[in-house]
Amino acid sequence: MTDRHSPVHEQMEQQSDDAPNLLNLAAAPKLAQNSGGLLSVQTVKQKVKATASHVKKEVKATTKAMAKPERSRFHTWSTATLRELLVYNGIEVRGAIRAPHDFIVGVCDQVFSNLPTPPPPPSKTFEEMAVMDVAALKIQHIFTRKQAEKIERAYLKANHERNRRLMSQGVQPSLHESERGSVSGRRESTAEHQANAEASMMSHCENHKGQATVNVTKLNRKQQEDELAVPWKQPSVKYAKRYYRHNHPHHAGDPTRPYDYKSTTLGRHCVIGGCGEQLDLWDEGQVSEFGQFGSGVTNYFKFLKWCCWVMFILAIVHTPSLILNSLGAASQYESVGLASTTVGNLGDTFNVTTVKIPFCNADDYSQHDCTILKSELAYFYALLDCMATGFVLVGWLWLRSFEKKESDNLDRATVTASDYTIRVPKIPADTTETQLAGHFAKITGCAVADVSIAYDNSEEIEMYFTRGKLMKERFLTVQKIRYVRSVAKRHGNHMIDEEEMSSLLKTKSDITSKIEELDTLRAIKTETFPDAIQAFVTFDTEQGFLKAMKAYTLNWVRKGPCFPRQLRFKGMRIKAVPAPEPSTILWENLGVGKWERLRRKAQTTMLALCLVVFSIVFTLKAREVQQNAINEGGEKECPADWEDMTTQAKVQMITGVDESPILHCYCQELSMIGQWNDPMCKEYVKAKTISSATAFGAAGAISFINWAFTLLMNKAAVFEKHQSMDSMEASILSRTFILQFLNSGCVMLCYNIDWLKAAVGSDLKADADFSQEWYASGGQLLMFTMFCMMLSPHVAPYMRFRSIRAEMKKCLSPDFEDLLSGRTDEVPYYTQDDLNAIFLGPEFHMDLRYAQALVNFFICFIYMTGMPLMLWIGFACFYVNYWIDKWLFCTFYRIPPMYSDRMGRTATSLLGWSIFLHLVVSIWSLGNRAIFESDDFSIISNSTVTGFSTFDEYEANYNPFRQGELRSSLEQKHVQPLCALLGGLVCAWFINRQTKEFTSFTKNFINFITCGSGDKTDNLMSVMNTVQVSYTRAKQRGLIKGLNTYNILQNPKYREAFNIKEEWANKHKHVTSIRKLRADQRTMSSTVRDSEGDNAML
C-alpha cells in the first residue's frame, strides 16, 4: 500500500502548492469575469506575464543543469534497491521492472531533491518475504483466472455462433446495452431497433417462441383477439445490416471486418522450409485465412489453384504443338476456326507428308529446309504427351499426400465431439442410455460421458418439420393482420379493406386448422414409445474411444460364430464404428434400412441415365441437322484449276448439276451480302447459318442438361435418405461429376455407335472418331462446350447476386424507411425474418463446385493431345472459377458449415482416373494413320491388314477397336511410348492393389492367430489430439469445434424445427419429451420411458 503520510509525500505536496498552476492561468480571464469584477483584466495579464517569466527561467535552469550533469548520490545504488526505496516511500512508477538504471536514478533524484539522502530500505525478514510471496501468487492467480475466464467466454461465444449457423435463418446478432444510443433525425436508437426487430421475428413472438407458450391450436376467442391486438412493429434495417455482417464471412471475432477478395490469402499446398518452398512464387504460404471455416473450404480453393497451375504448365509445354497445328501446314479447313488448332489441321498422310516449322528461315541453315516429317512429328507429340502425363501423375500424388497431411494435422489440432464418440448401428429395441453406458464402461474400463439413442421416429420428425413451415406461414399472416390494424388505428378504420381482412383471417384460420390436424395425427401416431435403432456413445477420454474401437474390431471368425460373449449387449451381437460429426447426422433418415436406400439410389440412377440418353439423342439429332445443312453446299474439294477459271465458267459448272457438291467453292468467294443476294448461294447461306446455330445450340443444350443434372442430384440426394450430410454430399459430388462428364465429354464419341443410332432412328453418317473431319465437327463442338462451361456455371449465381444486391440497395435507400413504416399502400416486408432473408445470402455448395471442377479437368486433360488449345481453355476455366468463387464467397454467400475434407479426398481420388483415360484417348487419336503414319507402314500397301483399299475409305471408317486394326495401330513407332506408359501404370496399379490386399490378408491372418484388432485402431491413434483433454472439460471450456453433443434436441437445426428453447433442450434428450408440450394425449408407458431416459445419470 502507498503511505500517504510519509515525509516524501508531505514535501511533494508542499512543492505542488508553491508551483504555479498553468491550467488555472489559462482560465484566468474567465475567472476574472466570473469573480464579479474583483480582479481587473490588467491585473490578470500581469500575473500571467510574471508566471510565464518564472517558467522561462526554470526551463533555462533545467537546460543548463542537463548540459552539465552532476553525479547523482543514487548512482551507486543497485536498481533493485532503488525500486524497493520507491515502494517503501509509496511512490508508484509504472513499468519500473523494465526501466533502465539511469531512469530509476532520475526518478529518485526528483523525488528526494529537497530531502536528505534516505537510508536504504530495511531488509525483509523471512516471514515478511513469505507473506509477500503469498500475496504475489494470489494476485497472479486472480489475474490468470480472469484471463482464462475471458478466453473461455470468447470460446463459448464462438462455439455458440458456429452452432447457430446450422439454423436455416442464420445467426441472429444480439445488441448489448453498451451499444445503445440516439441517432439523428427520424432514426431510432439502437435499443429501439433491437426491440422492433425482436417484435417482428417469429422466435420472439409470444405464441411462437417455444414450449412455455400456449399452443396456437388451443387459443380461445379472447386469446386470438389478444394475439391480433399486438401492435405491428416495422422491421429494422439497422438490425438487418448487423445480421448481414454476422452471417457473411468475416475475420474471426470481428463481424465489422469482412474479407477483401483481392487481398485475402488462401494459401496453397507447399512445404514450408522444404523443397516445395521454392515453388511458392507469390509467397502465398500454406496457411489460408479461411481456415476458420474448416479444411473442406481451404482444400477446395487449394484444389482450384492446383488445377490452374497444372493446366498452365501443361499449356506452356504444349504451346509448340499448338503452333505447329495452326501454322505448320496449309489450312485444311475452309474457314479459320477452332478446328485449325487441332492435329486435324495437319492434313492427311496421303496429301501432306511434311510439316513446315513456323518462324524458321531455311536460308539460315545449310542442311535443313525447316520441315519435319509427320512420322517424326507424331513421335515428338507422343514423347511430349508422355512427359506431360508423368508431370500430372507426380502432381496428383503430391496433391494426395498434402491433402492427407493437412487433414491429419487439422484432426490432431482440433477437438471435436467425434473424437470421443462411437456409433452403434444396431441395438435392441428396449435399450436405455443407462444400460448402454454401463456396458461400454465395463468393456473399456473408462467413464462414459454421454449416450444418445436414435429412435425409429422419422415420421414424427418429418411432421415437426412440416409443422414448422406452417407456423411460419401463420406468423406471416398474423403480422399482415397486425399491420392492417395498426394502420387503421393510426389513420382511421376507413383504411381497412374488408375483403382483404376477411381473406387474411380465413387464411389464418385455415393454417391453424392444418396445424391442429397435424397435431392430432401426430398424437395418434405417437401414442407408444418408439423402438431404439442406433446409439452414439461418448467417452470422457479418447482412450476410452480407442479401447472400444479396439475391442469391437474383430476378425471374420470372431464376428461370426465365435463372437465374444462379453461383447454382446443383452445377448445381441453389436458393433462399434467411429461416429460422424453430430452436425452432419440426418436423424430423420436413421430409420431407413440399407436395402431401402439402395432401392432409392437405383431409382434416381435410372432417372439420371434417362437424362443421359435424352442428351445423346438430342445431340445426335442436332448433329444430323448440322450435317444436312452442310450437305446443301457440298463437301467435295474444289477443282485444281478453280482459281484460274472465269466466273462464267464457275457458274456453268455449278448450274449444270443438281445439288452441286462444289457449290461452297463458288459461294465462299463472295461476301456475306453477296452470298445473300446471289440466288444460287441464298440457300447455302441459310444452311450454313443453321449449321452454326445448331453447333452453338448443341453446346448450350449440353450446359443446360448439366444444370438439370445438378438440380436432379440435389433432389435425389434428399430422396435417397442418406444418414449423414457427408455421405449425401459425397454422393452428389461423384454422381453429378459422372453424369456431367458423360454428357459433356463423351457424347461426341457416340456418333459412330451403330446400335445406338439404330435405336434412336438416326441415319447420321458421322465422321470417324479423331479423323480430320471429326475435329471440324465433334472436336470443335467440344471446344465450344468448354468455352460455354467457362462461364455458364457462374451465370445463375451472378444473376442471383445482382438481384439480391439490387434488393439490398433498395432496402438501404433513405426512402425505404417510409416504405417500411406503413406510410405507403403496401409494405414489402412484414416481418424481420423476411427482411433478414434478403441479407442472408445463399449456401456455398462445395459438392457441386468440386463436380464442375472435375468435369473441366477431365475434358481438357483427356483431349489435350489432339486439341492442345483445350489446355489454355482449362487454365482460363480454373482461373475464372477461382476468382469468381472467391469473390462470391467473400461478398455473397453465407458462412458455410464446417465441411470435412471428405469431399476433397473424393475429388482427388477421382482425379487419378483421368490419367488412364487420357492415355487411352491419346493412343486412339495418335493411332489414326489417316493423320499420322509410321515410316514402315502404308494403308494401301497393307490393305489385307487394314481391310481398305483406298485412303478415303480408311479415313471414313477408322475404328481402332475393329478386329485386326487395334494391333496394327498399337505397333506404330510413335504409339509405342504411350502404350508402354499405360501398361506400366496399369501394372503399377495392379501390383499396388494386390500388395495392399496381400498385406491386408496377412494382417488379418496374424490378427486372427493373435486375436488382435488390426491397424484400424493404429490409424485412429495417429490422428489423436495433440493436447489431451477430457470431453467434459473440453465441453465446459468451449474447446469442441462444432456441435459438442449428439443430443438431437440441442442440434440448432432440429431445435428450430421443434420450436423449443435452448434452455429446455439442455435438460431433455428425446423427441418424445416434446409430446407433452404439443399433444394432449400420451400413454403412461411413454411417460415413464421418456422420464427414465431423460433423467438417466451416466
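Buried, in these legends, means under 20% relative accessible area. Keep in mind throughout that this is a predicted model.

**Figure 1. Ile654, a buried residue in helix α20.** Start with Ile654, which sits in helix α20, the stretch covering residues 647-655. Its relative accessible area is 5%, so Ile654 counts as buried. Cys665 is 11 residues from Ile654 in sequence. In space, the C-alpha atoms of Ile654 and Cys665 are 9.4 Å apart.

**Figure 2. The whole protein, for orientation.** Before going further into the close-ups, here is the overall picture. The protein has 1098 residues, and 47% of them are buried. Its secondary structure adds up to 42 helices and 6 strands. Take the contacts between residues at least 6 apart in sequence: 77% of these join residues at least 24 apart. The accessible surface is about 57000 Å², and carbon and sulfur atoms account for 58% of that.

**Figure 3. A salt bridge between Arg474 and Glu227.** The protein has 13 salt bridges, and this view shows one of them. The closest N and O atoms of Arg474 and Glu227 are 2.8 Å apart. This pair ties together distant parts of the chain, with the two positions 247 residues apart in numbering. Arg474 comes from helix α15 (residues 458-491), while Glu227 comes from helix α9 (residues 221-229). Both partners, Arg474 and Glu227, are buried.

**Figure 4. Asp519 and Arg522, paired within helix α16.** Here the salt bridge stays inside a single helix: Asp519 and Arg522 both belong to α16. They are 3 residues apart, or about one turn of the helix. Their closest N and O atoms are 2.9 Å apart, and both residues are buried. Look for Arg467 too, since Arg467, Asp519 and Arg522 are linked in a network of salt bridges.

**Figure 5. Glu720 meets Arg735.** The side chains of Glu720 and Arg735 form a salt bridge, at 1.9 Å from N to O. The two residues are 15 apart and link distant parts of the chain: Glu720 is in the loop between α23 (679-719) and α24 (725-746), and Arg735 is in helix α24 itself. Glu720 has a relative accessible area of 1%, so it is buried. Arg735 is buried as well, because its value of 18% falls under the 20% cut-off. What does Arg735 touch, leaving aside residues up to four places away in sequence? The list is Lys601, Thr604, Thr605, Met713, Ala716 and Glu720.

**Figure 6. Two lysines with positive phi, Lys570 and Lys721.** Most residues other than glycine have a negative phi. Lys570 has a positive phi of about 55°. It is found in the loop between α18 (556-559) and β6 (577-578). Is Lys570 buried or partly exposed? With a relative accessible area of 42%, Lys570 is partly exposed. Lys721 is another non-glycine residue with a positive phi, near 60°. Its place is the loop between α23 and α24, and Glu720 from Figure 5 lies in the loop between those helices too.

**Figure 7. A negative patch on the surface, Asp497 to Glu500.** Which residues form this negative surface patch? They are Asp497, Glu498, Glu499 and Glu500. Glu500 lies in helix α16, which covers residues 498-525. That is the helix holding Asp519 and Arg522 from Figure 4. Glu500 has 40% relative accessibility, which means that it counts as partly exposed.

**Figure 8. A nonpolar patch on the surface around Tyr798.** Four residues make up this nonpolar surface patch: Leu791, Val795, Tyr798 and Met799. Together they have about 370 Å² of accessible area. Tyr798 is part of helix α26, residues 772-811. How is Tyr798 classed by its relative accessibility? At 34%, Tyr798 counts as partly exposed.

Methods: Residues numbered from 1 in each chain as written. Predicted model: local features only at pLDDT ≥ 70, side-chain atom pairs only at ≥ 80, totals over all residues. Heavy atoms only, no water. Patch = residues over 30% accessible without salt bridge, like charges linked within 9 Å, V, L, I, M, F, W, Y side chains within 5 Å. Areas by Shrake-Rupley, 256 points an atom, 1.4 Å probe, with all protein chains shown as cover. Buried < 20%, exposed > 50% of the residue type's maximum accessible area, 1.4 Å probe, protein only. Lys, Arg positive; Asp, Glu negative; His and termini not counted. Charge placed at Lys NZ, Arg CZ, Asp CG, Glu CD. Contact = heavy atoms within 4.5 Å.
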